[in-house]
Amino acid sequence: MTDYPEIGDHGMVGDLQTAALVSGAGELDWWCVPRFDSPSVFASLLDRELGGFCALSARADSTRQLYLSDTAILLTRFMSPDGVGEVVDFMVPLADSPATDTHRLIRVARTVRGSMRFTLECRPRFDYGRAPHTLEQPARGAAVFHGPAFDLHLDSLGPVELTRDGDDVTSTFTLTAGQKAAVILTSSSSGPPPAPSEPEVRAAFDACRQFWHRWLRPCRYRGRWRDMVNRSAITLKLLTYEPTGAPIAAATMGLPEQIGGERNWDYRYTWVRDASLSVRALIELGFTREADAFRRWMRDRLDAGGTASGEPLQIMYRVDGDTRFTEEALPHLAGYRGSTPVRAGNAAANQIQLDIYGEAAWALAQGPGVAQVHGWQALADVLDWLAVHWDRPDEGIWETRGGRQEFTYSRLMTWVAFDRGIRHAFEHSRPADIEGWWAARDAVYRQIVERGWHAERRAFVQHYATDVLDASLLLMPSVGFVSPRDPAWTSTLDAMDRELVSDGLVYRYNPAASPDGLLGEEGTFNLCSFLYVEALARSGRVQRAQYTFDKILTYANHVGLFAEELGPSGEQLGNFPQAFTHIALIGAAIALDECLDAASPWEASGPETSPFEGSSFAPPPWSP
């Protein structure tokens with residue numbers, strides 16, 4: 001248990017209140033219960049010795065992992081000369097259900113050819129491995145792990161005989177072709193669940209499959225990359241807390257942006273920015289129910305106030321809307337491949353990031369709720385406040401810890417806030433301080449053009465006191481601040497091509513040129529890579545955009561998931577899977593389809609289709 005799997009060597013299952021990761025070797029190495037941001041019960045992804053895991057696997061020469069088509073049912077296959085075995089992992093979605101501490105994860109082992117010997121090890125570690133537990137074995141194939149806040153029940157079907165190993169259990173059993181066994185893990189603080197039966201497990205599987213097929217049915221996307229878009233949509237749904245409609249940024253915490261580095265954050269919360277931009281993707285795909293649920297959540301946050309910073313909104317919330325955050329290091333955990341500190345909680349919740357008001361207004365203005373009396377008044381009050389408070393330095397979209405600056409992206413999104421508010425007031429004849437908002441919007445515009453534009457670089461830059469480029473500004477055409485074919489924008493895009501882009505993959509910025517208060521480096525940022533594809537397509541570089549998009553998709557993991565970043569060898573880095581990346585993937589696919597469909601014959605077969613673009617058969621000048 002000393003070797004860590006690759007971050008990307010995982011599939012995710014979930015029930016819309018919590019989510020678990022299963023490695024390609026059949027190890028359940030991440031699960032927080034009873035909700036996404038709860039302490040872990042399995043976290044061997046962060047410490048192979050102390051984190052806890054539940055492994056169900058068979059000895060094999062090779063393994064394969066896949067999702068059943070258009071579902072969140074994960075299938076791990078074990079292949080050997082003696083036979084072929086499978087483990088099916090799933091959780092039945094708790095659709096339209098209130099918050100609960102009862103969650104059930106079902107693991108079904110079966111042999112489809114020959115004979116396979118399976119091994120089960122269940123070693124939970126409660127509260128990030130800090131809390132001890134006791135073991136009770138009420139039956140030969142059952143175990144109860146008594147933890148500090150809830151119990152974890154293990155029930156089994158088939159030839160699974162549990163052997164006690166301290167306060168953990170193990171089992172080995174052999175299945176021949178056609179035989180099955182099941183392991184059911186249930187969290188509960190209200191007593192043992194009913195004993196499972198084979199018909200109940202089959203019914204749960206059918207219910208899970210039917211839910212995902214039914215949920216995906218309204219999807220309007222019929223473009224060229226349907227499988228990847230559908231997988232991204234399912235991933236966004238899995239990362240949404242059903243009782244409130246709040247999406248989280250990622251399923252995990254503490255996974256490094258650089259192996260051995262300190263950039264190891266907790267992403268199991270709802271960022272106003274990420275979640276607001278997800279509304280755009282959901283609406284374009286046809287998932288209006290999810291978009292409306294988040295908008296209701298956002299309006300509740302505006303009504304509730306009470307932020308730690310004293311601002312109308314804070315940058316992130318817990319899934320139930322709680323504003324209280326602490327950030328603590330967990331020094332007892334070794335960290336993924338020695339990457340420390342492992343952080344739980346997120347101190348960035350107390351930062352000032354003015355861009356969130358633009359993203360929130362953009363999301364609210366896309367639906368009917370803000371046109372209602374109370375919804376509109378909440379937004380109008382925020383815009384009145386922003387008209388007075390927009391011109392301040394802040395920490396920016398990347399949550400830097402090196403001091404506040406006048407970030408261009410933050411100003412850009414305050415422009416969006418006023419612009420969307422003005423449009424909505426006119427469209428729905430709502431009372432508003434139109435003159436005040438108009439004056440603020442124009443002042444922001446002039447400031448960005450005058451101070452965010454670097455004449456020597458012929459590009460918009462990260463903040464007013466630097467000449468450093470920033471990939472967040474790839475959203476400038478998307479929000480309507482600038483035409484995608486405006487010379488000021490195309491020269492900015494050209495500058496990013498030269499400095500931030502590596503084989504279609506995009507760095508957020510250069511931390512060496514713009515210190516962010518943290519040690520170490522990071523990989524290319526998947527969100528920015530997909531924003532780059534959309535920017536290329538909108539600017540008329542359609543074939544280049546398609547070629548870039550196709551290449552980026554090869555970096556998805558084996559089941560179509562992306563982490564936050566990619567390392568030098570294309571390895572997944574950072575928390576996993578990341579919702580923001582899949583939001584941008586959807587946006588890039590939709591934009592690229594539109595531009596390809598509208599492209600002229602010349603654009604559809606232009607020189608940028610060549611994989612030899614920018615390359616030479618001659619050796620580079622620096623070669624010996």
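**Exercise 1.** Over the ring of which residue does the charged end of Arg 318 sit?

*Solution.* The model is predicted. Start from the charged end of Arg 318 and look for the ring beneath: the ring belongs to Phe 325, and its centre is 5.0 Å from that charged end. The cut-off for a charge over a ring is within 6 Å of the ring centre and within 35 degrees of the ring normal. Arg 508 offers another case, with its charged end over the ring of Phe 525, 4.7 Å from the centre.

**Exercise 2.** Classify the aromatic pair formed by Tyr 267 and Trp 271, and state whether each residue is buried or exposed.

*Solution.* Step one is the geometry: the centres are 5.5 Å apart and the planes meet at 65°. Step two applies the cut-offs: rings pair if their centres lie within 6.5 Å, and planes over 60 degrees apart count as edge-to-face. Tyr 267 and Trp 271 are therefore an edge-to-face pair. Step three is accessibility, where buried means under 20% relative accessible area. Tyr 267 has 11%, so this residue counts as buried. Trp 271 has 4% and is buried too.

**Exercise 3.** Repeat the analysis for Trp 453 and Phe 460.

*Solution.* The ring centres lie 5.1 Å apart and the planes stand at 70°, so this pair is edge-to-face. Phe 460, with a relative accessible area of 5%, is buried. Trp 453, at 21%, is partly exposed. The structure holds 23 aromatic pairs. Ring pairs also link a cluster made of Phe 211, Trp 212, Trp 215 and Phe 287.

**Exercise 4.** Describe the largest pocket: its volume, its lining and the elements that supply the lining.

*Solution.* The volume is about 410 Å³. Next, the lining has 17 residues, and those nearest the pocket centre are Val 108, Arg 110, Lys 180, Val 201 and Arg 202. Two or more lining residues come from each of β8 (83-90), β9 (103-123), β15 (180-188) and α2 (198-216). Of these, α2 gives the largest share, five residues. Sorted by class, the lining has 10 nonpolar, one polar and six charged residues.

**Exercise 5.** Work out the strand order in the sheet that contains β27, and find the bridge partner of Glu 565.

*Solution.* The order is β26-β27-β28, an open sheet of three strands with antiparallel pairing. Strands β26 (524-525) and β28 (572-573) are the edges, each pairing on one side only. Between β27 (residues 565-566) and β28 there are two bridges, in the antiparallel sense. The bridge partner of Glu 565 in β28 is Leu 573.

Terms used
Residues numbered from 1 in each chain as written. Predicted model: local features only at pLDDT ≥ 70, side-chain atom pairs only at ≥ 80, totals over all residues. Heavy atoms only, no water. Phe/Tyr/Trp six-rings, centres within 6.5 Å; stacked < 30°, edge-to-face > 60°. Buried < 20%, exposed > 50% of the residue type's maximum accessible area, 1.4 Å probe, protein only. 1 Å grid on protein atoms, 1.4 Å probe; cavity = no way out; pocket = protein on both sides within 12 Å on 5 of 7 lines; lining within 4 Å. Points joined across faces, edges and corners; volume = space filled by probe spheres on them. Helix = DSSP H or I, 4+ residues; strand = E, 2+ residues; numbered from the N terminus. Nonpolar A, V, L, I, M, F, W, Y, C, P; charged D, E, K, R; others polar. Pairing = 2+ DSSP bridges.
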